[in-house]
Amino acid sequence: MAHIDAGKTTATERMLYYTGITHKIGEVHDGDAQMDWMVQEQERGITITSAATTCFWKYKDADYKINIIDTPGHVDFTVEVERSLRVLDGAIAVFCGVGGVEPQSETVWHQADKYGVPKVAFVNKMDRQGADYYNVVSQIKDKLKANPVPLQIPIGSGDDFVGVVDLIDNKAIVWIDDETLGTNYQFQEIPEELKEEAAKYRSQLIESVAEYDDALLEKFFDDPESITREELLDAVRRATIDMTIVPVLAGSAFKNKGVQRLLDSVIAFLPSPMDISAVEGMDPKTEEKLYRKPDTQEPTSALVFKIATDPYVGRLAYMRVYSGKVTAKSTLFNPRTGKKERVNRLYQMHANKQKPKEEIEAGDICAAVGFKDLRTGDTLCDANKQILLESIEFPEPVIGVAIEPKTQKEYDKLTVALAKLAEEDPTFTVRTDENSGQTVINGMGELHLEVIMDRLNREFKVDANQGAPQVNYKETITEEVDHHEVFKKQTGGRGKFAEINVKIGPADEEVKGLQFIDKIKGGNIPKEFIPSVEKGFKDAMYNGVLAGYSLDSLKVELYDGSYHEVDSDQLAFETVARMAFKNACVKAKPILLEPIMEAEVVTPEEYMGDVIADFNKRRGHVEGMENKGSAKVIRAKVPLAEKFGYVTVLRTITSGRATSTMEFSHYEQVPKEIAREIIEKAKGKIELV
């Protein structure tokens with residue numbers, strides 16, 4: 001996991017080469033990296049979809065199996081990182097030796113913390129001019145609030161980077177030549193000029209982990225040199241799994257230096273499924289807590305973390321097996337649907353290639369085919385010993401584009417293709433605009449939607465027109481109102497009747513969705529109609545009263561009402577709730593909210609004034625500036641609506657010398673004059689270009 005261009009895919013390609021999975025190193029810039037198998041990835045030189053693979057590595061005379069997932073660094077594809085971290089036991093956080101901790105580094109780090117994933121840090125690109133290992137270590141400490149503990153220090157940097165000093169072995173490791181692709185390295189004595197530095201960092205390392213072993217602590221005070229290699233490895237392992245420390249290593253994946261030691265550290269310090277405590281879930285019927293140990297004798301439980309469409313085998317469901325085992329031709333139970341699902345075939349994955357398997361055991365990752373109704377985040381378990389595992393939460397899309405097929409004949413093809421893409425990617429949604437009747441696709445950013453359009457064209461052979469990007473605004477109300485609503489309809493014969501009294505207002509803090517409070521006493525409204533009132537409000541929240549944008553949260557208190565013995569039914573109460581929502585929200589001072597993005601620009605100092613002036617023009621708020629080498633880093637919060645096409649403008653004002661990154665921060669109220677324009681526009685039709 002890492003920021004864009006830190007070298008994740010390059011490091012993974014080296015791992016595949018050294019573990020014997022591939023016999024030729026694939027390069028991202030040549031478009032032949034094994035893990036970047038999509039055409040769009042090869043053309044752009046970026047990772048778009050996370051790719052899983054399995055390899056074996058010998059450590060201390062034993063063979064170990066490693067499942068690796070190479071994730072994207074671009075914020076638009078953050079879903080891939082989120083779902084991978086949810087099912088993995090450990091992570092390698094890759095940092096650029098020059099760039100250090102960048103915005104997306106922080107995002108993925110916090111995602112890993114959320115799921116309690118232990119990490120090893122790899123400071124890559126030590127061969128680049130300006131690489132500063134110690135600066136990156138201090139940034140990990142200051143910016144990520146972590147406890148980085150170097151296990152290696154570099155010998156040289158830039159063109160002079162030749163190897164590392166291993167602080168556990170207290171030896172220098174030097175790569176001899178570039179011809180052998182990093183397979184030829186030697187253990188040497190520590191160079192004279194680094195002896196003092198190595199002693200200092202080794203002492204820090206022992207101090208950091210001494211608390212994990214009283215005997216180690218005693219030895220540290222009596223004679224630090226008497227601490228054995230095995231004692232140190234064991235203490236570092238326990239401290240890493242406990243997330244007390246983050247071991248830091250150095251290298252250059254592109255120059256084939258340091259990757260073998262990184263593989264050693266994965267086995268030595270990151271947890272195996274046996275080190276992770278039993279996975280927690282709940283009984284879908286009683287909601288009582290349940291636990292499953294990573295043992296083949298336990299009842300089967302697995303979590304589906306990704307759905308992918310393969311042109312040859314159909315829908316592939318990627319899953320992590322937490323307990324028991326999954327076998328081909330077996331049947332598993334899905335607690336969400338309450339139905340059994342058959343596993344037709346099982347595969348071990350290598351990027352987009354499948355290797356058929358008869359059985360996958362606890363602790364492993366696999367892909368399966370044959371499921372009828374399965375979504376990302378679903379649990380699959382033993383029908384007789386049911387368990388529901390914690391699902392995966394995904395961020396909401398912030399940008400939309402209207403789309404229509406070029407010919408009416410292609411309409412059905414487009415609908416099927418969009419449904420498949422939405423199933424694969426939970427951050428990509430499709431909806432029909434109520435006012436214009438147009439199909440609107442929503443995603444995490446311009447690049448995300450650009451890739452979707454490209455895939456529609458190439459994979460699904462659908463030619464479509466698209467509109468200009470639209471921001472996904474939201475609506476909310478700011479005041480509580482008391483409202484009375486009646487729905488009465490007489491059409492000869494049986495009519496419709498429902499009456500409700502409600503208080504509608506902003507939801508309590510931290511509440512997402514509808515906060516519904518039932519305060520009906522004395523049976524003024526029969527119990528069976530109350531869920532219909534709740535459903536009516538829940539459905540109505542998808543279309544706000546200002547411009548048809550959805551509400552994230554709402555508090556509704558139903559305290560009175562009446563019904564008719566013949567004319568009242570569930571539909572009548574659902575309808576009266578929708579009417580009450582529309583009429584009450586107008587009185588509750590509704591406002592429009594817009595997505596605010598956190599932007600970071602790295603620019604040469606001479607263009608700093610122009611970049612800041614441009615931010616001010618875009619309603620941006622500059623939050624801080626710092627130095628990064630000879631460049632300046634400007635951090636700002638800017639409304640997404642003002643950021644379309646920003647990369648082109650930035651290139652123009654800085655002669656192509658500045659770079660920018662952007663990620664979603666929060667929602668904020670839109671200024672009144674701008675809100676007025678947005679509301680007027682939303683009532684009309686979205687222009688197609």
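# Exercises on aromatic pairs, core and cavities

The structure, a predicted model, holds 12 aromatic pairs. Local features need pLDDT of at least 70, side-chain atom pairs count only at pLDDT 80 or more, and totals for chains, interfaces and linings use all residues. Residues are numbered from 1 along each chain as its sequence is written, and side-chain values use heavy atoms, with hydrogens and water left out.

**Exercise 1.** Classify the aromatic pair formed by Tyr134 and Tyr201, and place both residues in the chain.

*Solution.* Step one is the criterion: rings of Phe, Tyr and Trp (its six-membered ring) pair if their centres lie within 6.5 Å; planes under 30 degrees apart count as stacked, over 60 as edge-to-face and the rest as tilted. Step two applies it: Tyr134 and Tyr201 are 5.4 Å apart centre to centre, with 25° between the planes, and the pair is stacked. Step three is location: Tyr134 belongs to helix H5 (residues 133-144) and Tyr201 to helix H6 (residues 195-210), 67 residues apart. Helices (H or I, at least four residues) and strands (E, at least two) are DSSP runs, numbered from the N terminus. Step four is accessibility, where buried means under 20% relative accessible area, exposed over 50%, and partly exposed in between (1.4 Å probe, protein chains only). Tyr134, at 27%, is partly exposed, whereas Tyr201, at 12%, is buried. Tyr133 joins Tyr134 and Tyr201 in one aromatic cluster.

**Exercise 2.** Which members of the largest nonpolar core touch the most other members, and which helix gives the most to this core?

*Solution.* A nonpolar core is a set of buried Ala, Val, Leu, Ile, Met, Phe, Trp, Tyr and Cys residues joined through side-chain atoms within 4.5 Å. Among the 79 residues of the largest one, Phe95, Trp109 and Ile140 touch the most other members. Helix H9 (residues 259-269) gives the most, with 7 residues. For Trp109, contacts (heavy atoms within 4.5 Å), not counting residues up to four places away in sequence, include Met1, Phe95, Ile140 and Val246.

**Exercise 3.** Describe the surroundings of Leu514.

*Solution.* Start with the element: Leu514 is in strand S32 (residues 513-518). Next, its relative accessibility of 15% counts as buried. Then list contacts: leaving out residues up to four places away in sequence, Leu514 touches Glu534, Phe537, Lys538, Met541, Leu554 and Val556. Finally, Leu551 is 37 residues from Leu514 in sequence, with 9.2 Å between their C-alpha atoms.
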